[in-house]
Amino acid sequence: MWLVFAFGSAVFAGVTSILAKCGIRKTDSTVATAIRTIVVLAFACLMVVVAGSQNQLGSIGGETLLFLILSGLATGASWLCYFKALQLGDINKVVPIDKSSTVLTILLAFVFLHEAVSLTGGIGVSLIAAGTFLMIEKKEADERKPGGSAWLWYALGSAAFAALTSILGKVGISGVESSLGTAVRTGVVLVMAWVMVFVAGKQGELRHTPKNELGFICLSGLATGASWLCYYRALQDGPASIVVPVDKLSILVTVAFSGLVFQEKLTRRAAFGLLLITVGTLVMLV
């Protein structure tokens, strides 16, 4: 059953990007992120109750809390960059770059946590990096879009902050139950997202959010929560060395749905890049 939950996590994570893209056609991405985080936090709190770890909140140490907060800030920055990139660019271009955070995470873990990289891990990382490079195609049409190629920089920022999240989260989560740590981090993201809304003076846009887009934003939050529930259930019963790479296969779901919903087609170069990313992810299962 844990493998079923792992694939469930990948499916819901892949659908999240599609639903989010549908919710930010007219709605500002920062406002959408703030609304969406409310739903995600509700799911995170549900995970805490299910795990029965709510009584441990008062016993979190100062150092652990600090790293959880820093991880939450990095997560918030990653989400803000990611949804801005989705708003400006094509899903099948943004998502591969975001998923390249796996490469950055392994590099940062090697440098700061001194974690060794196996031969198969190195091959997998190389394939993912090469595949991501092939899927990044800047076209003249991109330059004519609002924001030009700004989506690329936001996508790169998303990947960088996501990698930093993993490193900070690994340090912070070591001193607290995982679901409780996730809830604390999500709470930080919620505060950060709403602070960004008010600092940018976009709170007035809340009243003008189209109802259909609001629905998609909330559904994307529910999909994220469902993905997390499946992910942590899979980790509870199965080996992390298999669960994590399977979860990263969500890119296949995203690309498939982007073609169905938004008619975003892959070129041969991009399709080969996707193949390399998939093979690299599977190699890391070894």
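## How H6 and H13 pack

Helices H6 and H13 cross with a left-handed turn, meaning that the near helix is turned anticlockwise from the far one by less than a right angle. This is a predicted model, in which local features need pLDDT of at least 70, side-chain atom pairs count only at pLDDT 80 or more, and totals for chains, interfaces and linings use all residues. Residues are numbered from 1 along each chain as its sequence is written, and side-chain values use heavy atoms, leaving out hydrogens and water.

The axes of H6 (residues 119-135) and H13 (residues 268-283) come within 7 Å and cross at roughly 160°. H6 is therefore roughly antiparallel to H13 (an angle over 145 degrees). Among the residues in contact (heavy atoms within 4.5 Å) are Ile-123 and Leu-127 of H6, and Phe-272 and Leu-276 of H13.

## Nonpolar cores

The largest nonpolar core (buried nonpolar residues joined through side-chain atoms within 4.5 Å) holds 43 residues, and Leu-86 and Val-94 have the most contacts inside it. Helix H2 (residues 29-51) gives the most to this core, with eight residues. Leu-86 touches Ser-17, Ala-20, Lys-21, Ile-24, Ile-91 and Val-94, leaving aside residues up to four places away in sequence.

## A look at Thr-165

Now for a residue in helix H8 (residues 150-173): Thr-165. Thr-165 counts as buried because its relative accessibility is 9%, and buried means under 20% relative accessible area with a 1.4 Å probe, protein chains only. Beyond residues up to four places away in sequence, Thr-165 touches Ser-71, Ala-74, Thr-75 and Arg-185.

Note on methods. Axes are lines fitted to C-alpha atoms, for helices over the stretch in contact, and angles run from 0 to 180 degrees between N-to-C directions. Helices (H or I, at least four residues) and strands (E, at least two) are DSSP runs, numbered from the N terminus. Angles under 35 degrees count as roughly parallel, over 145 as roughly antiparallel, 65 to 115 as roughly perpendicular and the rest as oblique. Buried means under 20% relative accessible area, exposed over 50%, partly exposed in between (1.4 Å probe, protein chains only).
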